[in-house]
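I sat down with my notebook and a fresh structure today. Here is what I looked up, one stop at a time.

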Amino acid sequence: MSGSCFAEKLSELIDLTEVEHKTLEKLEERQRHVRRGAVLQRENEGGGELYVLRKGLMMSYVLLHDGSRQILRFLFPGDMLGISSAVYQEAPETLAALSDCVVCPFDRGVLADLMREHPRLAAMVLVYSQIERVALTDRLAALGRTSAKARVAALLLDLRNRLRATDKSLANVFSLGLTQEEVGDATGLTAVHVNRMLRQLEEEQLIAREGGRVTLLDERALARAANYVNRYEGLDLGWLPKAG
């Protein structure tokens with residue numbers, strides 16, 4: 001792993017200069033361990049720090065009026081956390097650890113310096129914010145317009161693709177790392193319904209499950225069933241500012 005998880009992530013899309021690498025490494029100079037189940041940022045509370053997730057799996061969620069939880073995003077190493085909170089006095093979402101994690105906290109002022117001094121890096125923060133926005137829009141549309149099977153299938157494909165971004169050796173077998181309740185909170189389903197959909201996908205020989213691991217047996221058919229689009233592909237970054 002390079003000195004910066006965020007730099008490693010950006011390097012998948014653009015060639016970073018040495019100066020840009022060093023700038024991003026400064027975001028990850030401090031490290032904080034977050035135990036599984038711990039809350040890093042709580043909805044409706046103030047907070048001045050942003051983070052880069054260096055290790056582990058996290059989620060962002062909101063609590064609804066009936067006390068139920070809606071998971072908005074799953075967060076992976078290299079993701080920048082808390083960007084939405086930077087524009088509000090109170091955090092609009094909760095950030096919690098789904099596994100033992102390591103995060104790198106940095107002040108909002110550091111992000112301001114980055115945007116002022118490194119326009120291309122600032123543009124890449126915008127790029128990833130838009131990727132996440134479009135992916136969230138896809139999931140919002142799916143919650144209202146697609147079947148339960150399609151929602152679960154899309155989530156499995158998305159998790160595998162996000163995991164593969166940090167582990168190029170990963171093919172069609174991956175550790176799910178989520179409970180059925182967590183899958184349900186992300187897809188608007190009960191844990192019982194999630195279990196039923198997973199069994200259906202197995203019976204249709206689209207996936208196989210064993211010991212907490214999922215195998216995508218027929219990825220194309222699964223993508224068709226999910227109406228899934230990988231929003232980390234098909235990007236047009238020709239407009240980005242030139243490296244200094």
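**Entry 1: helix H8**

I started with helix H8, residues 219-226, where I found Ala221, Leu222 and Ala226 buried. I looked down the axis of H8 and saw its buried residues fall within an arc of 130°, so they line one face of the helix. I then turned to the other side of H8, where Arg220 and Arg224 are exposed. A note to myself: this is a predicted model.

What do the buried residues of H8 pack against? I listed two helices, H5 (148-166) and H7 (191-203), and two strands, E10 (207-210) and E11 (213-216).

**Entry 2: positive phi angles**

I reminded myself that most residues other than glycine have a negative phi. Then I went looking for exceptions.

Just after H8, I came to Asn227, with a positive phi of about 50°. Next I checked Asn44, which sits in the loop between strand E2 (39-41) and strand E3 (49-55). The phi of Asn44 is positive too, near 70°.

I also stopped at Gln205, in the loop that joins H7 and E10. Gln205 is not a glycine, yet its phi is positive, about 60°. Is Gln205 buried or exposed? I read a relative accessible area of 61% for Gln205, which is over the 50% cut-off, so Gln205 counts as exposed.

**Entry 3: a buried charge**

I moved on to Glu182, in helix H6 (residues 180-187). Glu182 is buried and has no salt bridge. Which side chain of opposite charge is nearest to Glu182, and how far away is it? I found Arg69, at 4.9 Å. A salt bridge needs a distance within 4 Å, so I did not write one down for Glu182.

I did find a polar partner: the side chain of Glu182 reaches the backbone nitrogen of Thr179 at 2.9 Å. Leaving out residues up to four places away in sequence, I noted that Glu182 touches Arg69, Ile71, Phe74, Leu98 and Gly177.

**Entry 4: helix H4 and the aromatic pair**

I found Val125 in helix H4, residues 119-145. Val125 has 8% relative accessibility, so I marked Val125 as buried. Setting aside neighbours within four places in sequence, I saw Val125 in contact with Phe6, Met80, Ile83 and Met115. I also checked Val125 against Leu111: they are 14 residues apart along the chain, and their C-alpha atoms are separated by 9.8 Å.

How many aromatic pairs does the structure hold? I counted one. Tyr128 and Tyr232 form this pair, with 6.4 Å from centre to centre and 45° between the planes, and the pair is tilted. I liked that the pair links distant parts of the chain, with Tyr128 in helix H4 and Tyr232 in the segment after H8, 104 residues apart. Tyr128 has 7% relative accessibility, so I put Tyr128 down as buried. Tyr232 is partly exposed, with a relative accessible area of 23%.

**Entry 5: Trp239**

My last stop was Trp239, in the segment after H8. I found that Trp239 and Ala123 are 116 residues apart in sequence, while their C-alpha atoms are 9.6 Å apart in space. Not counting residues up to four places away in sequence, Trp239 touches Ala123 and Val127. I closed the page with one more distance: a polar atom of the Trp239 side chain lies 3.0 Å from the backbone oxygen of Asp236.

Note on methods: Residues numbered from 1 in each chain as written. Predicted model: local features only at pLDDT ≥ 70, side-chain atom pairs only at ≥ 80, totals over all residues. Heavy atoms only, no water. Buried < 20%, exposed > 50% of the residue type's maximum accessible area, 1.4 Å probe, protein only. Helix = DSSP H or I, 4+ residues; strand = E, 2+ residues; numbered from the N terminus. Arc of directions from axis to C-beta. Contact = heavy atoms within 4.5 Å. Lys, Arg positive; Asp, Glu negative; His and termini not counted. Polar contact = N/O pair within 3.5 Å; in protein donor to acceptor, adjacent residues only side chain to side chain. Phe/Tyr/Trp six-rings, centres within 6.5 Å; stacked < 30°, edge-to-face > 60°.
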